[in-house]
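Please look over the sequence and the model before reading the points below. They are meant for someone who is meeting this structure for the first time.

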Amino acid sequence: RSSRPSTGRSRARTMRGVVLALVLALALSTRAPGVDAATASSCAHLGDLSHSGCDDAIRAHSAPFDMYELARSWTPGFCSTSACDTHECARGVMAPALTLHGLWPSYVNAVRVNAVGGRKGGAGDGGLCFWPQNCVKPAWYPTDEAWTYARSNVPSDDEAERAAPAWTGDGLGAHEWSKHGTCAAWVDVHGRIPGYTQRAFYDATFALAESLGTPEALRLATGSDVSLVDLQDMFGGPTKVALGCTHKCELVQAVQCFERAANGTVGIAMDCPCVGVRDSRYDNSCAHSCERVRILSPGQTKCAARDVTATAHTAII
């Protein structure tokens, strides 16, 4: 779904606390399902398809995004697929917890575009665009706010370190802002209505990840295996989450979906669409091939004995 390079300054806790409380209230709100009843109960091609995004799609194709996907890694599972010479996989850092991968503007229904070329600005999947990416700077963007990646804007307190070690220690934000965060700055197709600045996008992303935390049942399952159904239920059921696994059915990632509010910010939790998320091989491979899912502990990874100094991520999953 989104390539991840496998690779600040502290925020005032009072400001982060306000954002955290607001996002938590929104995330736990109830809503009507984001998909119809038939789709909610049945989704063809679960975890079996590949999808594409389109460069600068909001402006170029007049297609504002209407949802967000929050992707978080099960860190031991990710480290089992990655090089060990990274901060997040280091002994003493790698923890049995969900940690931030990214917050992705996306489309509830794929947008049909006329361009040709696939991921780099065109129309993959037979002319369908499933998310915008690599957006240009909108007209409204403040001149005194950084548009290119500024690591100093990434939260860096202890809570941020626990929630997002790949961001605070490995520089994952550089990729995530460039590819996904830039599109969160766009509310309308003309780029005139203010959306997220880079600084505000990071604050909202971290606040959402921190507010959700790791389900206690998932923590308790560390080092064992659970049924796919039980794992999905930890997040509210099969329509509320997409789960990524290795070919050995080891949990790597969890994706949850949220509405885009009218002002472009993160809204309330919603069902993840079948087409584009739950049928995605990248997002939901566990549902395609795993009746049971292994929840690795840090000690079960190849990185368990390594005490490393972080270097930049270079591998892609």
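How many of the 10 residues of strand β9 (residues 251-260) are buried?

1. The model is a predicted one, and strand β9 is a good place to begin. In this strand, which spans residues 251-260, 9 of the 10 residues are buried, so that the strand counts as mostly covered.

2. Strand β2, made of residues 67-74, runs antiparallel to β9 and is joined to it by 7 bridges. Within this pairing, leucine 70 has glutamine 256 of β9 as its bridge partner.

3. Strand β8 (residues 242-245) is likewise antiparallel to β9, with 4 bridges joining the two, and cysteine 245 stands opposite leucine 251 of β9. The two strands form a hairpin with 5 residues between them, and in the turn cysteine 249 has a positive phi of about 60°.

4. Strand β10 pairs with β9 over 3 bridges, again in the antiparallel sense, and alanine 269 in β10 is the bridge partner of phenylalanine 258. The hairpin of β9 and β10 has 5 residues between the strands, where glycine 264 takes a positive phi near 90°.

5. Methionine 270 belongs to strand β10, which covers residues 266-270. Is methionine 270 buried or exposed? Its relative accessible area is 3%, and because buried means under 20%, methionine 270 is classed as buried.

6. A reader following the chain may also wish to locate threonine 239, which is 31 residues from methionine 270 in sequence, while the C-alpha to C-alpha separation of these two residues in space is 8.7 Å.

Methods
Residues numbered from 1 in each chain as written. Predicted model: local features only at pLDDT ≥ 70, side-chain atom pairs only at ≥ 80, totals over all residues. Heavy atoms only, no water. Buried < 20%, exposed > 50% of the residue type's maximum accessible area, 1.4 Å probe, protein only. Pairing = 2+ DSSP bridges.
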